[in-house]
Amino acid sequence: MILWLLSPGRRFRILAIVDDFTRECLALVADTSLPGLRVARELEAVIACRGRPAMCVSDNGTELTGMAILRWTQETRIEWHYIAPGKPQQNAFVESFNGRLRDELLNETLFTSLAQARAVLAARLPD
């Protein structure tokens with residue numbers, strides 16, 4: 001999850017869903033809040049298009065460790081692996097992807113609205 005600012009100073013978050021095997025970014029979701037239920041909904045949308053993953057890997061962010069995600073993993077029977085706290089190298093490709101996204105897009109763009117951020121992020125996704 002990436003935390004970023006709009007030009008008026010309002011914060012927004014970006015959820016990046018990346019396939020570790022194909023190295024493809026499947027979704028970039030921007031919003032002011034991304035609670036576990038929203039993350040689960042976004043994962044369901046990706047699964048509907050791309051199929052069911054064997055496992056999801058994430059850091060230990062509160063939106064990813066809460067009851068909503070725990071319930072979702074139990075209902076879908078999709079294994080979830082949390083990287084060790086303070087060990088981003090265990091999720092190296094996603095960390096690298098997030099760094100490139102910051103360097104190549106976020107640091108170079110002055111977002112004036114959440115709608116603009118969503119449009120710019122959508123343009124980064126493959127067709």
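**Close-ups of a predicted model**

**View 1. Strands β2 and β3 side by side.** Strand β2, covering residues 11-19, pairs with β3 in the antiparallel sense, and seven bridges join the two. This is a predicted model, so keep that in mind for every view here. Look for aspartate 19, which sits opposite glutamate 24 in β3.

**View 2. The whole three-stranded sheet.** Zooming out a little, we get an open sheet of three strands in the order β1-β2-β3, with antiparallel pairing. The edges belong to β1 (2-5) and β3 (24-31); each has a single partner strand, so one side of each is left without a neighbour in the sheet. On average, neighbouring strands of this sheet are turned by 25° against each other, ignoring direction. As a quick reminder, strands of a sheet pair through backbone hydrogen bonds, in either a parallel or an antiparallel way.

**View 3. Two helices against the strands.** Helix α1, residues 36-50, packs on the sheet and touches β2 and β3. Its direction makes about 145° with that of β3. Then there's helix α4 (residues 92-104), lying across β1, β2 and β3. Helix α4 runs at about 135° to β2.

**View 4. Asparagine 98, a polar side chain tucked away.** Asparagine 98 belongs to helix α4. Is asparagine 98 buried or exposed? With a relative accessible area of 6%, asparagine 98 counts as buried, because the cut-off for that is under 20%. What does asparagine 98 touch, once its neighbours within four places in sequence are left aside? The contacts are with Ile2 and Ala16.

**View 5. Arginine 23 and its positive phi.** Most residues other than glycine have a negative phi. Arginine 23 goes the other way: it isn't a glycine, yet its phi is positive, at about 65°. You'll find arginine 23 in the loop between β2 and β3. Its relative accessibility is 48%, so arginine 23 is partly exposed, given that exposed means over 50%.

**View 6. Arginine 77, another arginine with positive phi.** Here's a residue other than glycine whose phi is again positive: arginine 77, with a value near 60°. Where is arginine 77 located? The spot is the loop between α3 (67-76) and β5 (79-82). Relative accessibility comes to 69% for arginine 77, which therefore counts as exposed, the cut-off being over 50%.

Methods. Residues are numbered from 1 along each chain as its sequence is written. This is a predicted model: local features need pLDDT of at least 70, side-chain atom pairs count only at pLDDT 80 or more; totals for chains, interfaces and linings use all residues. Side-chain values use heavy atoms; hydrogens and water are left out. Two strands pair if DSSP finds at least two bridges between them. Helices (H or I, at least four residues) and strands (E, at least two) are DSSP runs, numbered from the N terminus. Axes are lines fitted to C-alpha atoms, for helices over the stretch in contact, and angles run from 0 to 180 degrees between N-to-C directions. Contact means heavy atoms within 4.5 Å. Buried means under 20% relative accessible area, exposed over 50%, partly exposed in between (1.4 Å probe, protein chains only).
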